[in-house]
Structure formats: C-alpha cells, structure tokens
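Subject: Structure for you to look at

Hello,

Here is the structure I promised you. Please open it and keep it on screen while you read on.

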Amino acid sequence: MIIALDGPAASGKGTLARRLAAHFDLPHLDSGLLYRAVGMAIAKDGGDPSDEAAATAAARRFTTDWLSDPDLRGDAAARAASQVAAMPGVREALVDFQRAFVGQPGGAVVDGRDIGTVIAPDADAKLFVTATVEVRADRRFKELLGRGQAAIYPDVLRDLRERDERDSRRTVAPLVPAEDAYVLDTSALDAEQAFEAALAFVVGKTGRR
Ligand code: C5P
C-alpha cells in the first residue's frame, strides 16, 4: 500500500504521514529531508545553494547517511532546500532513491510536494494537506519556541510565503494537488481531528484498516 501526502510547509503533512505509517505499519520517508540535505551539503562546503551545477553535483553524490544531520530540521536548511528543489537536475538525481523507497515490498508512506504527481502517480491513496498561511506560520512559530529557538512571527510568516511562492511557481514538479488527491484543509482542525479525517479517507479508498 502506497500513501502519498503532499502540501505546503507546516501544513501538518509530516505528522500525518508519521501517524499513518505507524497505523498501517509501513516505512515512512520525509522527502523534504533529501532536498534539505542537498542544500546543506553545499552550504557546509561554503558553496551557494543557488549554484545549479554545484547543487546538481551534490544531489548526485547524495547518500542516506546525510539524513542524520540534526541541522536539516532548521530554517537555513529549509531555505536552501527550496532553492535547490527548483532545479531539474537536482530533482532528477533524487528520483530513483524515492521510487525505490515507494516500491519496497508492502509499500510505504511518503510526504513531500510532488509525491502524488511525480514520484508515485499510482499511489493507492493521495492526500493534499493544506492550511492557510497564517495558521501554518502560527504552528511553525509555536514549534520553534517549543524547541527553545528564538523566533519572530512576522519573519516566520514571510519565510513561509516565500517558500510557498517558490514551490508553487517553479516549472519542475510544482506544488499542486494531484487530480485524484483528497484535499484536507487542516486550518480549523487539531492534530487528532486531522488524523481522523486522513485515516477515514485512506480506509475508504483502500479498504485497509
Ligand atoms: O517539507 P520540507 O519543508 O522539509 O521541504 C523543504 C523544501 O524541499 C520545500 O520547500 C520544497 O522546496 C522542497 N521539496 C520538494 N519536493 C519534495 C519535498 C520537498 O520540492 N517532495
């Protein structure tokens, strides 16, 4: 069983993906980490994530041990990720790894921006998880404070708007719902309600409990 979750940053798709994976006992991949790892690999070498040749070369060198870097969760990695993710060569270099993950026996849960459209167009259940940018900024802001990091709400909001814009406008694999995706707006839902709605959709679609 393959479950694809796409959506903008801080929409709650990562939490939903983890919970669905646990519920159905499936492996989970947060595909955003791949782009974050490529962006950080360049930044840590003193390079510029907007340098397409460097980014493509880094993506071709990608190995799974890059994923254990704790800095990948930070905002610098997120910004670098959304820059390198707009480059066709970077995306192409990361496709095989993601398709192999999706294709493992038994299936997988993968979240990102283009899982239902590009990586796993035949997924059994596709969700497009979204929320207003203000609600997402508020969640991200509280999450940062909860982790003991300094955060300023207007900066978090501006950052998300910029990323949304870049992710939606790029020509390769832009952030759009797959035609057959269930659009789940979590703006007015708490984490539990969002999970119940996502689970009900997957159960209805696949017949699996
Ligand atoms: O989901 P996350 O915030 O970790 O993603 C970081 C960035 O990686 C996104 O802003 C997006 O540009 C890119 N990304 C992507 N395709 C994916 C996952 C993430 O382009 N499947």
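How far is an oxygen atom of the ligand from an N or O atom in the side chain of R36? The distance is 2.6 Å. Keep in mind that this is a predicted model, so every value here is computed from it.

**The ligand**

Start with the contacts. R36 you have just met, with its 2.6 Å to a ligand oxygen. R170 also faces an oxygen atom of the ligand, with a polar side-chain atom 2.9 Å away. D114 pairs with a nitrogen atom of the ligand instead, and the distance there is 3.0 Å. How much of the ligand does the protein cover? On its own, the ligand has 460 Å² of accessible area, and the protein covers 97% of that.

Now look at the shell. It holds 15 residues. The closest are R36, R91, R163, D167 and R170. Sorted by class, the shell has 8 charged, 4 polar and 3 nonpolar residues. Three helices each supply at least two of its residues: α2 (32–44), α4 (75–84) and α8. The largest share is from α2, with 3 residues.

**The largest pocket**

Where does the ligand sit? It takes up the space of the largest pocket. That pocket holds about 840 Å³ of space. Its lining counts 43 residues, and A9, A10, K13, G14 and R140 are the closest to its centre. Many elements give two or more residues to this lining. The helices are α1 (13–24), α2, α4, α7, α8 and α9 (191–206). The strands are β2 (28–30) and β3 (108–112). Which element gives the most? That is α1, with 6 residues. By class, the pocket lining divides into 19 charged, 13 nonpolar and 11 polar residues.

**The cavity**

There is also enclosed space to find. How many cavities of 30 Å³ or more are there? The count comes to 1. Its volume is about 50 Å³. To find it on screen, pick out D75, R140, L144, V156, D159, L160 and R163, which line it. Two helices give two or more residues to this lining, α7 (133–146) and α8 (153–169). The largest share is from α8, with 4 residues. The lining has 4 charged and 3 nonpolar residues, and no polar ones.

**Names that come back**

A few names turn up twice. R163 is among the closest residues to the ligand, and R163 also lines the cavity. R140 is among the residues closest to the centre of the pocket, and R140 lines the cavity too. Helix α8 supplies residues to the ligand shell, to the pocket lining and to the cavity lining.

I suggest you begin with R36 and the ligand, then work outwards.

Best wishes

Note on methods: Residues numbered from 1 in each chain as written. Predicted model: local features only at pLDDT ≥ 70, side-chain atom pairs only at ≥ 80, totals over all residues. Heavy atoms only, no water. 1 Å grid on protein atoms, 1.4 Å probe; cavity = no way out; pocket = protein on both sides within 12 Å on 5 of 7 lines; lining within 4 Å. Points joined across faces, edges and corners; volume = space filled by probe spheres on them. Nonpolar A, V, L, I, M, F, W, Y, C, P; charged D, E, K, R; others polar. Near = heavy atom within 4 Å. Polar contact = N/O pair within 3.5 Å; in protein donor to acceptor, adjacent residues only side chain to side chain. Areas by Shrake-Rupley, 256 points an atom, 1.4 Å probe, with all protein chains shown as cover. Sits in = over half its atoms within 2 Å of the grid points.
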